[in-house]
Amino acid sequence: MPTTIQSLKACKEAGEKFAVITSYDATFSHVVASAGVEVILVGDSLGMVLQGHDSTLPVTMEQMIYHTEAVKRGNQGALIMADMPFMSYATPEQALENAALLMQAGAHLIKIEGGDWLCETISMLSERGIPVCAHLGLTPQSVNKLGGYKVQGRESADAEAMIAHAIAQEQAGADVILLECVPSDLAGRLTQSISAPVIGIGAGPGTDGQVLVLHDLLGITPGRRPKFVKNFMEGSDSVEGAIKAYIEAVKSGQFPAPEHTFS
């Protein structure tokens, strides 16, 4: 049975965790989906893990369309979420045009980064049948504004603002919220504050789902490993085994463990 937005909402209502993994091509999307992952994220992280850039900013719409099409061809029933790249949704009208291209390429859900300034865009997309995931916390496309890849929401005012943004985005029509690099307590509070499913990365165990970059969970990302990453190839004898181990750890609540979270 294919995963849908309603499937994710049913997981949240039942208190069941779901797993999300990035994929950028047909072969890996087939492996990931066959292993039982509910959501494949075609992330603009491809700019770093595939193209070798130091940020996601150079990724273009044409590249996101190309990789979304490839993932669709290999998919086996997972929900495909595709990132809108940097400056592809600066206005609602621009967002509508570009989101339509990603949906036609095979996405079931598009992801955009930012706070309540996105509400008009979210409403426009939702009203026209395009599901939206709103990305809060550490938003990599804003890395230059944020001053680096830093945990967000540690100050009380910032935490309350993030919860307010999530509530406003859900009211505007957002179907899913993604939290990146926020304290566990804040992520848990925010998850309980809205009815939309919440996906976390570096956001602790209290979210409804977890996402990792495929290359990170396979232990093949060069350089320093982020705190929220676990190498699931350790103890596994195959790529498929590592992916299944990740999915099982998410569903059982064993991942993320305290050492993968922020306070």
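**Exercise 1. The whole chain**

What share of the 263 residues of the protein chain counts as buried? Work it out, then describe the overall build of this predicted model.

*Solution.*
Step 1. Start with burial: 57% of the 263 residues count as buried. The cut-off to keep in mind is a relative accessible area under 20%.
Step 2. Next, list the secondary structure. You should find 11 helices and 8 strands in the protein chain.
Step 3. Now check how the chain is packed. Its radius of gyration is 17 Å, close to the 18 Å that the globule rule gives for 263 residues, so the chain is as compact as a globular protein of that length. Along the principal axes, the C-alpha atoms fill a box of roughly 50 × 40 × 40 Å.
Step 4. Look at who touches whom. Take the contacts between residues at least 6 apart in sequence: 63% of these join residues at least 24 apart.
Step 5. Finish with the surface. About 11200 Å² is exposed, and carbon and sulfur atoms supply 51% of that.

**Exercise 2. Strand β1 and its partners**

Find strand β1, residues 18–22, and work out how many of its residues are buried. Then find out which strands it pairs with.

*Solution.*
Step 1. Go through β1 residue by residue. Phe18, Val20 and Thr22 point one way, while Ala19 and Ile21 point the other way, and all are buried.
Step 2. Draw the conclusion. With 5 of its 5 residues buried, β1 is largely enclosed by the rest of the structure.
Step 3. Pick up one partner, strand β8 (residues 209–212). It runs parallel to β1, and 4 bridges join the two. Here phenylalanine 18 stands opposite glycine 209.
Step 4. Now try strand β2 (residues 39–42), which is also parallel to β1 and joined to it by 3 bridges. In this pairing, threonine 22 sits opposite leucine 41.
Step 5. Add the helix. Together, β1, helix α2 (residues 26–35) and β2 make a β-α-β unit, and this unit is right-handed.

**Exercise 3. Backbone oddities**

Where do methionine 87 and cysteine 181 lie, and what are their phi values? Also find the peptide bond from phenylalanine 255 to proline 256 and say whether it is cis or trans.

*Solution.*
Step 1. Methionine 87 is in the loop between β3 (79–83) and α5 (92–105). Its phi is near 65°, a positive value in a residue other than glycine.
Step 2. Cysteine 181 is in the loop between β6 (176–180) and α9 (184–193). Phi is near 55° here, again positive in a residue other than glycine.
Step 3. Check whether cysteine 181 is tucked away. Its relative accessibility is 6%, so cysteine 181 counts as buried.
Step 4. Turn to the peptide bond between phenylalanine 255 and proline 256: it is cis, with omega near 5°. Proline 256 lies in the segment after α11 (239–252).

**Exercise 4. Around threonine 261**

Is threonine 261 buried or exposed? Which backbone oxygen does its side chain reach?

*Solution.*
Step 1. Locate threonine 261 in the segment after α11.
Step 2. Compare its 12% relative accessibility with the 20% cut-off. That value means threonine 261 counts as buried.
Step 3. Follow the side chain of threonine 261. It reaches the backbone oxygen of proline 258 at 2.9 Å.
Step 4. Leave out residues up to four places away in sequence and look for what threonine 261 touches. The list is Ser184, Gly204, Pro205, Lys227 and Pro256. Pro256 is the residue that follows the cis peptide bond in Exercise 3.

Note on methods: Residues numbered from 1 in each chain as written. Predicted model: local features only at pLDDT ≥ 70, side-chain atom pairs only at ≥ 80, totals over all residues. Heavy atoms only, no water. Buried < 20%, exposed > 50% of the residue type's maximum accessible area, 1.4 Å probe, protein only. Pairing = 2+ DSSP bridges. Right-handed = clockwise from strand over helix to strand, strands pointing away. Polar contact = N/O pair within 3.5 Å; in protein donor to acceptor, adjacent residues only side chain to side chain. Contact = heavy atoms within 4.5 Å. Rg over C-alpha atoms; globule rule 2.2 N^0.38 Å. Areas by Shrake-Rupley, 256 points an atom, 1.4 Å probe, with all protein chains shown as cover.
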